[in-house]
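Hi,

Here is the structure I promised to pass on to you. Have a look at it first, and then read my notes below.

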Amino acid sequence: MADVDVVCHQAAVVGAGTTTGDLPLYAAHNDLGTAAVLAAATEVGIERLVLASSMVVYGDGAYACAEHGRVVPSARIPQALAAGDFEAHCPSCGQTLAPLLVDEDAPAAPRSAYAASKAAQEHYASAWARQAGAAVVALRYHNVYGPGMPRDTPYSGVAAMFRSALERGEAPRVFEDGGQRRDFVHVDDVARANLLAATAVTTAPPGSFQPYNVASGYPVTVAEVARLVAQGTGRPLAPEVTGEYRLGDVRHVVASAQRAARDLGFRAATSPQEGLPEFASAPLRP
Ligand SMILES: NC(=O)c1ccc[n+]([C@@H]2O[C@H](COP(=O)([O-])OP(=O)(O)OC[C@H]3O[C@@H](n4cnc5c(N)ncnc54)[C@H](O)[C@@H]3O)[C@@H](O)[C@H]2O)c1
Ligand SMILES: [Zn+2]
């Protein structure tokens with residue numbers, strides 16, 4: 001790392017982790033790996049870091065009840081999901097909650113080994129900034145997609161899974177009722193966000209740790225994602241909404257892109273409406 005001004009730390013073991021046996025894997029590569037990078041940076045005099053973090057640190061999205069305002073939803077119960085009620089509900093009155101944009105002040109609430117390790121990376125980086133008088137910008141990527149994404153693996157994102165299904169001539173299978181909302185951000189925009197962050201962090205005050213959502217700012221439903229990718233194939237197969245669900249999934253996670261725009265000057269150039277159809281023919285990696 002000689003002659004390096006800023007480290008952009010992207011390496012991590014990704015994916016949800018399937019069993020508790022995976023816990024040490026995430027801790028080793030993501031927690032210990034990051035700690036080692038930070039210690040090594042100080043050793044050679046580097047005081048600036050851009051960290052690839054993730055929206056998974058939030059756990060669930062933010063929600064509001066028409067009557068009770070901003071609330072933490074009660075956990076979705078298997079009986080409700082099995083009966084086709086996929087929405088999050090108010091813990092006080094049971095009403096269906098509306099999704100709000102999650103901003104960077106939302107508390108960390110990791111729900112998986114991977115999420116816990118991403119939150120840990122942020123905590124180590126923040127502690128390092130204080131201790132070393134260094135500065136960190138943490139970029140909380142939302143759902144990244146684009147050329148070079150891994151093919152259909154348990155760890156690849158839903159956009160790649162839809163795309164792989166379409167390539168096999170199958171309809172993309174959409175869980176729940178397809179109304180889950182997410183933010184899909186193109187990898188070119190993620191790269192630009194990194195350049196802006198690498199520039200901004202050089203003048204950030206010593207001891208600072210600043211997290212930013214990296215998102216398109218255009219929330220979409222998962223059914224729309226399937227439809228947009230299918231549209232790009234030229235012979236669109238209508239998505240199959242299966243009603244299947246996974247207990248650990250959250251209903252909505254949509255980001256506020258405001259702070260990154262204000263502080264970093266980052267605004268996504270590619271909307272999901274433009275980027276997801278293009279993604280239908282982008283090269284994937286094995
Ligand atoms: N893809 C997304 O939607 C998404 C969303 C949020 C955050 N992120 C974050 O973005 C970063 C890049 O993710 P990606 O999707 O490109 O994943 P990826 O698996 O394609 O890339 C991660 C890379 O890190 C390397 N790596 C893992 N452990 C390592 C170690 N101990 N030493 C050296 N290299 C190691 C892997 O070999 C791999 O090349 C990660 O930090 C991930 O947590 C990705
Ligand atoms: Zn309520």
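Let's start at ligand 1: one of its oxygen atoms has a polar side-chain atom of R285 lying 2.6 Å away. That is a polar contact, meaning a pair of N or O atoms within 3.5 Å (within protein, one must be able to donate a hydrogen and the other to accept it, and residues adjacent in sequence count only if both atoms are side-chain atoms). K118 also takes part, with a side-chain N or O atom 2.8 Å from an oxygen of ligand 1. From the backbone, A12 offers a polar atom 3.3 Å from a ligand 1 oxygen. On its own, ligand 1 would expose 820 Å², and the protein buries 57% of that. Those areas come from the Shrake-Rupley method with a 1.4 Å probe, and for residues only the protein chains shown count as cover.

Before going on, please keep in mind that this is a predicted model: local features need pLDDT of at least 70 and side-chain atom pairs count only at pLDDT 80 or more, while totals for chains, interfaces and linings use all residues. Residues are numbered from 1 along each chain as its sequence is written, chains are lettered from A and ligands numbered from 1 in the order in which they are written, and side-chain values use heavy atoms, with hydrogens and water left out.

Back to the shell around ligand 1. It has 15 residues, and Q10, H29, Y114, K118 and R285 come nearest. A residue is counted as near if one of its heavy atoms lies within 4 Å of the molecule. Which elements give two or more residues to this shell? They are β2 (48-54) and α3 (113-132), and β2 gives the largest share, three residues. Helices here are DSSP runs (H or I, at least four residues), as are strands (E, at least two), and they are numbered from the N terminus. By type, the shell has eight nonpolar, five polar and two charged residues. For that split, Ala, Val, Leu, Ile, Met, Phe, Trp, Tyr, Cys and Pro count as nonpolar, Asp, Glu, Lys and Arg as charged, and the others, Gly among them, as polar.

Now for the metal. Ligand 2 is a zinc ion, and its protein donors are C65 (SG), H68 (ND1), C90 (SG) and C93 (SG), at 2.1 to 2.3 Å. Donors are N, O and S atoms within 2.8 Å of the metal (3.2 Å for Na, K and Ca); water is not among the atoms, so sites may look incomplete. Why is the arrangement called tetrahedral? Because the four donor atoms subtend angles of 105 to 115 degrees at the zinc ion, and four donors count as tetrahedral if all angles lie between 85 and 135 degrees. For reference, the ideal angle for four tetrahedral donors is 109.5 degrees.

Along the sequence, the zinc donors follow the spacing C-x2-H-x21-C-x2-C. H68 and C90 link distant parts of the chain, 22 residues apart: H68 is in the loop between β3 (62-65) and β4 (69-71), and C90 is in the loop between α2 (78-82) and β5 (98-102). Are these two buried or exposed? C90 is buried, at 3% relative accessibility, whereas H68 is partly exposed, at 36%. Buried means under 20% relative accessible area, exposed over 50%, and partly exposed in between (1.4 Å probe, protein chains only).

A few other spots to click on:

- E176 has a positive phi of about 55 degrees although it is not a glycine. You'll find E176 in the loop between β8 (173-174) and β9 (181-182), and it is buried, with a relative accessible area of 2%.
- H186 sits in strand β10 (residues 184-186) and is buried at 7%. Its C-alpha is 5.7 Å from that of G146, although the two are 40 residues apart along the chain.
- V222 belongs to helix α6 (residues 222-231) and is also buried, at 10% relative accessibility. From V222 to G179 the C-alpha distance is 6.3 Å, with their positions 43 residues apart in sequence.

Cheers

Terms used: Four donors count as tetrahedral if all angles lie between 85 and 135 degrees; four count as square planar and six as octahedral if opposite donors are over 155 degrees apart and all others between 65 and 115; anything else is irregular.
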